[in-house]
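Please open the model in your viewer and keep the selection panel at hand. The tour moves from one selection to the next and says what is found at each stop.

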Amino acid sequence: MQTQRQLFLKHNAQTSPTPLLLEFVRAKGIYMYDVDGKKYMDLIAGIGVSNVGHCHPTVVEAVKKQAETYMHLMVYGEFVQSPQVNFAKAIASVLPENLDCTYFVNSGTEAVEGAMKLAKRYTNRTELIACKNSYHGSTQGSLSLMGNEEFKQAYRPLLPDVQFIEFNQLSDLEKITSKTAAVFIETIQGEAGIRIPDPEYLIALRKKCNETGTLLIFDEIQCGFGRTGKMFGFEHFNVIPDVLLLAKGIGGGMPIGAFISSSQIMSVFADNPILGHITTFGGHPVSCAAGLATLQTIVNEDLVKDVEAKGELFKSLLKHPAIKEVRGKGLMLAAEFESYDILKKIIDGCIEDGIITDWFLHCSNSMRIAPPLIITEDEIRAACDVILKNVNSVCS
C-alpha cells in the first residue's frame, strides 16, 4: 500500500523539485502536528493566513453552523445571502467611509484581477503601474504586475501597457500620468522581503494619483487584518486608497479574497456590459461566515493591541553577528542573512527542531517571520532560542 507521501508525489501537481514533504494531521493555535505526533510552531501562519491561529474555535463553530444551513446557492451577486451581507457590513465598519462596497472572490490573485478590470472600466484607461519586486498573485493578469522577471519570463506574452516604478522612490512618481488607470502597490512590500515605505512617499503617491485621476490601489493581501499592529497597513501612514485588496488572513483559514471600493466606483460593473465581473464561488457562504468570525475575533479579543510589541520582542531577541537586519512592522518581519545558502541551512535546522519558517520570493536571503497574532511572549522567546541555536550551528 502506498503512503500518503508517495501518493502526493504521484497524483498532486508539484510546485518545486523538492517539496518539504512534511505530513501534518492536525493543527491548533500556533502549532501543527505531524503523523508521528511531533509538534511544530508555525512562524509563517500558512503565509499570512492564520492570523487568529489554526482552528480558532469561534471560526470553526461559524463554519460548522453555516455548512449545516446552506452552502453554495448561486453565482455571486444575484441572491441576498446573509453571510456575504453581514461580512461586507462588518468590513465596512472598520474601514474609511469611501471603502464601503465589497466584491468577494476566492483568493488574493482574484481580488487583483477584479481590481484591474475595475480600474480600466472606471477610468476608461489601459495603463497599469506596479512596483519592482512586487507580488500580486500568480494568474496571468496578476503575474503581469509582478516586478520580478524571473517568475514570469516563461509565461509571456502577458498583459500589455504595464509599467514599473521603484518602490519608495519619489522621482519615479512622474511616470504616473493622465494615461494611468491605476497604481497597484503593496502598502508594505511582502515578497520583496518586508519593505516599509516612507510616509512622505505614500502621501506623494496619493497626491499624484489625485492630480492624474488615477486610482490608487493598496494590496493588503499580506499586511491586512492586524498583521502589522493596525487593522490595516495604510493606517500607519494616514493615506487612504481608492481600492483595497484583501485575502489570506481575512478568512481564518478558509479561502476568500475581496476588493473593496466606494459604491460609486463599484457601480460600473453593473452595466455596459451587465455582469461586468462574474465569479461562481466568490463570497462562498461558509468562507464569509468564517471571515466574519475572524474579524469579530480580532476585534473582540483585541488581538491587534499587542502585535507591535510582539514584533519588537522578536527584533530585540534576534541579535547575532550573522543576522544583518530584522525589519518590518508588527508580526510581518524579515531577518536578513548573508545568502540564501546560509539561510536555507538555518531554515532546515529550525524545521528539524519544530519551527516552521520560510524565505521570500524576491528576497531569498531573508527569513520570513509572520506567526499567528495569538503567539505569546513565551512562545516568541522559545522560537527565537531555536532560531539562534541554528544560526550558531550554521554560522559558527
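Begin by selecting Lys310, Leu313, Phe314 and Leu317 in H10 together with Glu377, Ile380, Arg381, Cys384 and Leu388 in H12, for these are the residues through which the two helices meet in this predicted model. By class, this contact divides into six nonpolar and three charged residues, with no polar ones. Now show the whole of helix H10, residues 307–317, and helix H12, residues 377–395, whose axes lie 10 Å apart and make an angle of about 30 degrees. Because angles under 35 degrees count as roughly parallel, H10 and H12 are described as roughly parallel to each other. Viewed as a crossing, H10 passes H12 in a right-handed sense.

Next, go to helix H9, residues 285–300, and add helix H4, residues 82–93, which packs against H9 at an angle of about 30 degrees with the axes 8 Å apart. H4 and H9 are therefore roughly parallel to each other, and the crossing of H4 past H9 is left-handed. To see where they touch, select Pro83, Gln84, Asn86, Phe87, Ala90 and Ile91 on the H4 side, and Pro285, Cys288, Ala289, Gly291, Leu292 and Leu295 on the H9 side. Nine nonpolar and three polar residues make up this contact, and no charged residue takes part in it.

Keep H9 displayed and bring in helix H3, residues 57–69, whose axis comes within 8 Å of that of H9 and crosses it at roughly 150 degrees. That angle makes H3 roughly antiparallel to H9, and the crossing of the two helices is right-handed. From H3, the residues to pick are Thr58, Val59, Ala62, Val63, Gln66 and Ala67, which meet Pro285, Val286, Ala289, Ala290, Ala293, Thr294 and Thr297 in H9. Here the contact consists of nine nonpolar and four polar residues, again without any charged residue. While H9 is still selected, note that Pro285 and Ala289 are listed in its contact with H4 and also in its contact with H3.

Which residues line the second largest cavity? Select His72, Leu73, Met74, Tyr76, Gln81 and Gln84, and then Thr280, Phe281, Gly282, Gly283, His284 and Pro285, to display that lining. The space inside this cavity is about 40 Å³, and its lining has five nonpolar and seven polar residues but no charged ones. Two of these residues have already appeared on the tour, since Gln84 in H4 and Pro285 in H9 belong to the contact between those helices.

Tyr76, which is one of the residues lining that cavity, also leads to the next stop, the second largest pocket, with a volume of about 340 Å³. Fifteen residues line the second largest pocket, and those closest to its centre are Tyr76, Gly77, Tyr103, Phe269 and His277. Strand E4, residues 101–105, gives the most to this lining, with three residues. By class, the pocket lining has nine nonpolar, five polar and one charged residues.

How much space lies in the largest cavity? The value is about 60 Å³, and the cavity can be shown by selecting Ile47, Gly48, Ile194, Gln222, Arg227, Met332, Leu333, Phe360, Arg368, Ile369 and Ala370. Helix H2 (45–48), strand E12 (332–336) and strand E15 (363–369) are the elements that give two or more residues to the lining. This lining divides into seven nonpolar, two polar and two charged residues.

The last stops concern the backbone, where most residues other than glycine have a negative phi and most peptide bonds are trans. Select Arg156 and Pro157, which are joined by a cis peptide bond with omega of about 5 degrees; Pro157 lies in the loop between helix H6 (140–144) and strand E6 (162–165). Moving on to Asn168, in the loop between E6 and strand E7 (180–186), you will find a positive phi of about 70 degrees although this residue is not a glycine. Finally, select Asn272 and Pro273, where the joining peptide bond is also cis, with omega of about 0 degrees. Pro273 sits in the loop between helix H8 (263–266) and H9.

Terms used: Residues are numbered from 1 along each chain as its sequence is written. This is a predicted model: local features need pLDDT of at least 70, side-chain atom pairs count only at pLDDT 80 or more; totals for chains, interfaces and linings use all residues. Side-chain values use heavy atoms; hydrogens and water are left out. On a 1 Å grid over the protein atoms alone, a cavity is a set of points where a 1.4 Å probe fits but cannot get out, and a pocket is an open set with protein on both sides within 12 Å along at least five of seven lines; lining residues have an atom within 4 Å of a point. Grid points are joined across faces, edges and corners, and a volume is the space filled by probe spheres set on the points. Helices (H or I, at least four residues) and strands (E, at least two) are DSSP runs, numbered from the N terminus. Ala, Val, Leu, Ile, Met, Phe, Trp, Tyr, Cys and Pro count as nonpolar, Asp, Glu, Lys and Arg as charged, and the others, Gly among them, as polar. Axes are lines fitted to C-alpha atoms, for helices over the stretch in contact, and angles run from 0 to 180 degrees between N-to-C directions. Angles under 35 degrees count as roughly parallel, over 145 as roughly antiparallel, 65 to 115 as roughly perpendicular and the rest as oblique. A crossing is left-handed if the near helix is turned anticlockwise from the far one by less than a right angle, and right-handed if clockwise. Contact means heavy atoms within 4.5 Å.
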